[in-house]
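Please open the model in your viewer and keep the sequence panel visible beside it. The tour below proceeds by selection, with a short account of what is found at each stop.

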Amino acid sequence: MSLPGVCQLLKRLNVRYKRGRAHVHSPDPLYDRKMADITNARLLAQSAPKEVVFLYEDEFTFFSRPLVGRCYQPAGGKGAKATGSALVTRRLAGCVDVASGAVIVRQRDRFNVKEMYRFFYFVEKQYADADVIYIALDNWPVHFHGYVRDHLAARNSRIRLLPLPTYAPWTNPMEKVWLKLSRELLTQHPYGTCWPELKALITRWFDELREGSAELLHEIGLLPLVD
């Protein structure tokens, strides 16, 4: 059968060539309500920045093997291999402050309910003068586990957890911080067999983001560009 004949057959069968979707719409029926709660909390933080803090939180896993992707390298050099070394993983939990762009990150082998609570406690200590700390985060069960909630309540924690809509990563700017990390550090990194060096490098990379900047807020979409 000729190519035009195949095209005609597919047309009669109502078959189309389609590209897969990288993202789907959030199926959360409470999408609008959750986003309204988050918007209200952000407005409170904007109107009373000394008393109210608003953060976006997320977790990320990095690997000893480099990510495959395009990046700048010296001419004539070979790209790093994503195979050949033992695969080791490490977890990051991080928050970005919508007012300052400050990023708070901790590295751990894993974030179970105990480590998640300890991370929230660590974040709270960074804002000793705030009356309330809103944290918007996804619906991973560990975030809202009874252990986490009970221990926060037992300390009369100032943290208030706000769930983001389900399956809606575009609502969390912390995701763009991980993309920045992947683009600037993890893509074709040369530390496949130097695990301690990679962990230390990531720690230093986040140390530079600790004070925050308008540039980072622009980059992750929390501050409009000004001409």
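What follows is a walk from the whole chain to its strands, its cores, its salt bridges and a few single residues.

**Before selecting anything**

This is a predicted model, in which local features need pLDDT of at least 70 and side-chain atom pairs count only at pLDDT 80 or more, while totals for chains, interfaces and linings use all residues. Residues are numbered from 1 along each chain as its sequence is written, and side-chain values use heavy atoms, with hydrogens and water left out.

**The whole chain**

Show the protein chain as a cartoon, and 7 helices and 5 strands appear; these are DSSP runs (helices H or I, at least four residues; strands E, at least two), numbered from the N terminus. Read from that end, their order is α-α-β-β-β-α-β-α-β-α-α-α. Of the 227 residues, 39% are buried, where buried means under 20% relative accessible area, exposed over 50%, and partly exposed in between (1.4 Å probe, protein chains only). Among contacts (heavy atoms within 4.5 Å) with a separation of 6 or more, 74% join residues 24 or more positions apart.

**Select β1, then its partners**

Strand β1 covers 52-63, and 10 of its 12 residues are buried, so the strand is largely enclosed by the rest of the structure. Add β2 (89-97), which pairs with β1 in the antiparallel sense over 9 bridges; two strands count as paired if DSSP finds at least two bridges between them. Within this pairing, F63 stands opposite T89 of β2. Then add β4 (132-137), which pairs with β1 in the parallel sense over 5 bridges, with I135 of β4 as the bridge partner of L55.

**Select the cores**

Next, show the side chains of F54, Y56, F62, L92, L181, I202 and F206, which have the most contacts inside the largest nonpolar core, a group of 34 residues. Such a core is a set of buried Ala, Val, Leu, Ile, Met, Phe, Trp, Tyr and Cys residues joined through side-chain atoms within 4.5 Å. Among the elements that each supply at least two residues of this core are α2 (31-47), α6 (195-207) and α7 (214-219). A second, separate core of 23 residues includes A93, V123, V142 and L152.

Which residues surround F54? Leaving aside neighbours within four places in sequence, F54 is in contact with I38, A41, R42, A45, V96, D97, V98, Y134, A136 and L162.

**Select K180 and its partners**

A search of the whole structure finds 9 salt bridges, each a side-chain nitrogen of Lys or Arg within 4 Å of a carboxyl oxygen of Asp or Glu. Begin with K180, which is buried at 10% relative accessible area. K180 meets E184 at 2.7 Å, N to O; because the two are 4 residues apart in helix α5, about one helical turn separates them. K180 also forms a salt bridge with E219, the closest N and O atoms being 3.1 Å apart. This second pair links distant parts of the chain, with K180 in helix α5 and E219 in helix α7, 39 residues apart. Salt bridges that share partners join K180, R183, E184 and E219 into one network.

**Select D109 and R90**

Here the closest N and O atoms of the salt bridge are 2.6 Å apart. D109 lies in the loop between β3 (103-108) and α3 (113-125), and R90 in strand β2, 19 residues away. D109 is exposed, with a relative accessible area of 60%, whereas R90 is buried, with 16%.

**Finish in the loops**

Two loop residues deserve a look at their backbone angles. N156, between α4 (146-154) and β5 (159-163), has a positive phi of about 50 degrees although it is not a glycine, and N156 is exposed at 67% relative accessible area. Y167, in the loop between β5 and α5, likewise has a positive phi, near 50 degrees, and is exposed at 64%. For background, most residues other than glycine have a negative phi.
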